[in-house]
Amino acid sequence: MDQKLTEFFERLKGELEKSTTWPSEYLFKFIVPTCDEKTLAVQEIFNDMGAVINTKKSKNEKYTSVSVNAMMESAEAVIEKYKQAAEVEGIISL
């Protein structure tokens, strides 16, 4: 993982620990190029968690937004999901 991404995750973890009481619901938002395989890959990351997943294609259908609302146990658990999502080619985490 590159230095910028590592620093981002460290900063996010600190902010989550300051602002959230765990366990807590957390809303993940991603944008992926519209492709069933990529959308399913994101959904697989949250399998068996009871997460509520919504997808919406962009106006020109080039991209798909994926919103995932899941109960997370800790800031570390949130960071781990973002790291797993970063493996999906072309994904943008918001």
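Two strands count as paired if DSSP finds at least two bridges between them. Helices (H or I, at least four residues) and strands (E, at least two) are DSSP runs, numbered from the N terminus. The model is predicted: local features need pLDDT of at least 70, side-chain atom pairs count only at pLDDT 80 or more, and totals for chains, interfaces and linings use all residues. Residues are numbered from 1 along each chain as its sequence is written, and side-chain values use heavy atoms, with hydrogens and water left out.

**View 1. Strand 4 pairs with strand 1.** The two strands, strand 1 (residues 24–33) and strand 4, are antiparallel and share two bridges. I92 of strand 4 is the bridge partner of I31. F30 stands opposite S93, also in strand 4.

**View 2. An open sheet of four strands.** The strand order is 2-3-1-4, with antiparallel pairing. Strand 2 (52–57) and strand 4 (92–93) are the edge strands; each has a single partner strand, so one side of each lacks a neighbour in the sheet. Strand 1 and strand 3 pair over 10 bridges, in the antiparallel sense. L27 has N69 of strand 3 as its bridge partner. In general, strands of a sheet pair through backbone hydrogen bonds, either parallel or antiparallel.

**View 3. The hairpin of strands 2 and 3.** Six bridges join strand 2 to strand 3 in the antiparallel sense. I53 stands opposite V68 of strand 3. Five residues lie between the two strands of this hairpin. E61, in the loop between strand 2 and strand 3, is not a glycine, yet has a positive phi of about 60°.

**View 4. Two helices on the sheet.** Contact here means heavy atoms within 4.5 Å. Axes are lines fitted to C-alpha atoms, for helices over the stretch in contact; angles run from 0 to 180 degrees between N-to-C directions. Helix 2 (residues 36–45) lies across strand 1, strand 2 and strand 3 (63–72), and runs at about 160° to strand 1. Helix 3 (residues 75–85) packs on the sheet and touches strand 1, strand 3 and strand 4. The direction of helix 3 makes about 10° with that of strand 1.

**View 5. The two faces of strand 1.** Buried means under 20% relative accessible area, exposed over 50%, and partly exposed in between (1.4 Å probe, protein chains only). Side chains alternate along strand 1. S24, Y26, F28, F30 and V32 point to one face and are buried. E25, L27, K29, I31 and P33 point to the other face and are not buried.

**View 6. The largest nonpolar core.** A nonpolar core is a set of buried Ala, Val, Leu, Ile, Met, Phe, Trp, Tyr and Cys residues joined through side-chain atoms within 4.5 Å. This one has 21 residues; Y26, F28, F30, V42, F46 and Y82 touch the most other members. Helix 1 (3–19), strand 1, helix 2, strand 3 and helix 3 each supply at least two of its residues. Helix 3 gives the largest share, five residues. Beyond its neighbours within four places in sequence, Y26 is in contact with L12, L16, V68, N69, A70, M72, V78 and Y82.

**View 7. Backbone details in two loops.** The peptide bond from W22 to P23 is cis, with omega near -5°. P23 sits in the loop between helix 1 and strand 1. D48 lies in the loop between helix 2 and strand 2. Its phi is positive, about 60°, although D48 is not a glycine. D48 is exposed, at a relative accessible area of 82%.
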